[in-house]
Amino acid sequence: MATRFHCALALSGAIASLLAAGAVEAAPAPAPRPEFSSFGAAIPSSTQKQVLLVVPILNKKEVDASLALLRQPDGRDFVSVDDFTQLCAIGSRREADGSIHLSTPLGEALLTGEVLLDDNGVTYVDVAALSTVLAAQVAFDPGEYALRVLLPWTPGVDADGRLPTRDEGPVDIRAPRASLSRWRSEVMTVQSNGDLSSAANHRLVGALGPGNWRADFSHYLTGDDRGIDVGALSWRLDRGNSRYLIGQERVFLHPLLQSFDLAGAQYAWTNRPGQVFDSSLGDAGQLLAYQARPTSTIRGSGPPGGTAELRYAGTVFARQTIRLDGRYEFTDVPAAPGDAIPVEVAVYEFGDNGTPLRVDHTYSQASNLQLPAGAQAHYLGAGSNGFLLDDPRIGNGSAAFYQFRRGLSERFTGDLIIQSVGGRTQSVIGTAANLGMAGSWAGYVGRDDNGSEARQVLGDGQRGPWFWRANWLEYGAGYQTDQTVASHNLRVEAGRTIGTNLRVALIHANASVTGAEDIKYTLPAVSWRPTRNLQLSARPEYDGRYSYDAQWGVRRGTRLSATRYGNLSQVGVDQAFGRNSRLAVMAQHDSDRGNRLSAIFQRYQPGVSGLAWSAGVLHGEGRSGFIADASMELRPGLSARLQAVRDPLAPANGTVVGLSVIADFAVTGAGLARGGANLGQVRDGGVSGLIGQGSRAGGIDLSGVPVLVDGHVRARSDADGRFHVPNLAPGVHRVELDSEGLPIEFSVHEAPRRVEVRAGSLTRVDFTLDLRLGLAGQLRAPDGKALGGIDIHLVDTGQSIQGRARSNTYGYYRIDGIAPGRYELRAMAPDGRVLARKDVLLDDRFLFGQELTTAAQGLSP
């Protein structure tokens, strides 16, 4: 179990009853980016559109990214074209008639103007039309707040399952051989009853030689124990069919095997690297991760500034603040992937101290365990059991393992694992199968050197409106370890979707939980939305107690709710004031501590700093209290959150004050840029740099300039001209600016750069801009009459004409493309006389309102 989460829980426990004390994460998406709603915060009226930021599930695997989704009042869904093409690694080209051509591995596809929609500078495409033209399945899943995309090809992979190699031709800019490219730190401080506690977690990623490195460590800033706990320190190399790792990382091969900390070497080989070496699995601390449910990292979306609460077996494990781009991410979760015990994330509104907005469930997926026919993988490692840099060291002796996986056919995949940890040997053998209409199923048997056994069966599937999922784990008495949560665990769910608004299911659970009462129940679950403004749901929690949720949008901006989750039940009314303010009044019953009334006003101000604050009063059990919370981004990538609460149901705690600060940076040659990418995806690299001279190029706002990589927009600059393009495949890329997106004062004449990208590094690419200014105004006669058809000259100090124009019918003129300097503006008669003149200084911006009035008799040249 990672020490960083011990630190987080120790500090957040003091204010957990009212307010999560996780680290504030703020990473607004590059401009232009649509404003998005707080998911589920209010049921929209039939005339209200929604712009959501949703998680993509690409070819049945969740991707660490986000997509802008626009939901129209007529029920149609539109997805951002830029987001979708980047997700699917396909090219796009916009034509003069407004249509868009998509370049896919299967050929060209055309999106006509009828299926496109522009909203606040973002181009969207109708999801249904996208499915048709790509021969794909693309649909929004409101239950998961995800866009499910099933393509007839594997993005970025050729027909043989190999990653395409980038053109290795001439290179203009080389990637660094050693660098620190990503830096993320969280510092949490809590004061309660005069006691001050503070802890910090850090993650660093960079390049070194032909590979890349990462370091995870955490430590307390107060108290007697201030030693540094090194959670991971390793160097990785990705070479085509092979992967290498040297250092200390946590290894988890299968839910029937004990996980362990390995300080040593790892090696993996496959004949299908593009399909087996999925880049999203590299964050598990090992080279070939278990795929049924990679719970080492759990990601999702929610309301900006809200709270995501990770629960395992019904117990709160960690909390964090949802970033300003609407994402949350829990890394290094010490739950066994594939375990039948459910892992949940409760999502709360910003400043909410009641029941969650919704609960996201994570399930095992047997379908993810299958390999294509003929694909095979070998994975092995050896070294010390336990992290050598830890004091005290957890684990003793040596550790070694070997795993073999092979796609036996299109329907069956075989798996064999042998590991020896601290003198104990365990092995697992099994298969995953695609049984067609019966769904996907997998079965495994584990055995140790004492003859004790363990078994697992998991499955999932869907046929028409029917769906099902099942997971059974059974550990023999001698097979269990201190990591085993339940010796016996069975969970089965089957149900049906009726129409588009009703989903019913039956859930059976039977578990023998270590240190707790056995769990056994068979209960129904339902989710129903009878009208657009009313939604109802009821579902048994892990222990069999029901959680309920009823939401009624009485009118636009007004919502009534009745919910129950865990030990807390509440009824409330939520009133929105405009788009960014709301007042929540709630009556709550905590079965452990009593009753409480609360009234909380919340305000979120979108923009550069993303300021959000809330303040409210609390009353319960004859005592009064308060709650206050404020968060903002201090600079791109650096955010802070200050919290204070006096809970009338916890008088012994007094006033609890919490401060959390998070730095999430991409370390570029041009300075620190906002990070926010998944730090574990070290198979990729990136480029970053500076446009112009920085500092807003003499006062000019350079935000939103498109940066093209291989002809496609991959990022946009901030106001100071900095840009950061993450997640680029290693190789040589063509990087350039879209001159059409530059401010009117600037132009770029540099040829596209051929830039080398290496895994784990950021290559710096700077662009110089030519400042080209201009001026505009009107020419009038002495009586005020507009004069048209008159030549206007702009003359430099050497009497050379640098610009020309002719006034139109209304006397207006405009001259562009002029270098900064001092000039004389002249209105010229056909015979060469100067009718009017004016001295002008072009410094750092375009000049408007340059009025000229002719003299009665004209002026000398």
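This report describes the predicted model of one protein chain, from its overall make-up to selected residues and strands.

**Overall make-up and confidence**

The protein chain has 861 residues, of which 53% count as buried. Its secondary structure comprises 5 helices and 60 strands. About 35600 Å² of the chain is exposed, and carbon and sulfur atoms supply 54% of that area. When contacts between residues at least 6 apart in sequence are considered, 55% join residues at least 24 apart.

The mean pLDDT of the chain is 79, and 80% of the residues reach 70 or more. Over residues 279-284, however, the pLDDT is below 50, and this stretch has 20 contacts in the model beyond near neighbours in sequence. Residues 1-47 also stay under 50 in pLDDT; for them the model has 168 contacts beyond four places in sequence.

**Helix α2**

Helix α2 spans residues 81-88 and is mostly covered, with 6 of its 8 residues buried. The buried residues are V81, D83, F84, T85, L87 and C88. A89 follows the helix and has a positive phi, near 55 degrees.

**Three residues in strands**

The table sets out three residues by strand and relative accessibility.

| Residue | Strand | Relative accessibility | Class |
|---|---|---|---|
| R358 | β23 (residues 358-362) | 12% | buried |
| V526 | β33 (residues 519-531) | 33% | partly exposed |
| H724 | β48 (residues 722-728) | 15% | buried |

R358 counts as buried because its relative accessibility of 12% falls under the 20% cut-off. In sequence, R358 and G302 are 56 residues apart, whereas their C-alpha atoms are 9.1 Å apart in space.

H724, in strand β48, has a relative accessibility of 15%, under the 20% limit, and is therefore classed as buried. Leaving aside residues up to four places away in sequence, H724 touches A666, A673, R674, V687, S688, A715 and L762.

V526 lies in strand β33. Its relative accessibility of 33% is between the 20% and 50% limits, so V526 counts as partly exposed. V526 also belongs to a nonpolar surface patch, together with I498, V504, W528 and L536. The five residues of this patch have about 370 Å² of accessible area together.

**Strands β37, β38 and β39**

Strand β38 (residues 581-590) pairs with strand β37 (residues 568-577) in the antiparallel sense, over 10 bridges. Within this pairing, Q570 stands opposite Q588 of β38. The two strands form a hairpin with 3 residues between them, and G578 in the turn has a positive phi of about 75 degrees.

Strand β38 is also joined to strand β39 (residues 594-605) by 10 bridges, and these two strands run antiparallel. Here M586 stands opposite S598 in β39. The link from β38 to β39 is a hairpin through 3 residues. Strand β38 thus takes part in two antiparallel pairings, one with β37 and one with β39.

How values were computed: Residues numbered from 1 in each chain as written. Predicted model: local features only at pLDDT ≥ 70, side-chain atom pairs only at ≥ 80, totals over all residues. Heavy atoms only, no water. Helix = DSSP H or I, 4+ residues; strand = E, 2+ residues; numbered from the N terminus. Buried < 20%, exposed > 50% of the residue type's maximum accessible area, 1.4 Å probe, protein only. pLDDT = per-residue confidence, 0-100. Contact = heavy atoms within 4.5 Å. Patch = residues over 30% accessible without salt bridge, like charges linked within 9 Å, V, L, I, M, F, W, Y side chains within 5 Å. Areas by Shrake-Rupley, 256 points an atom, 1.4 Å probe, with all protein chains shown as cover. Salt bridge = Lys/Arg side-chain N within 4 Å of Asp/Glu carboxyl O. Pairing = 2+ DSSP bridges.
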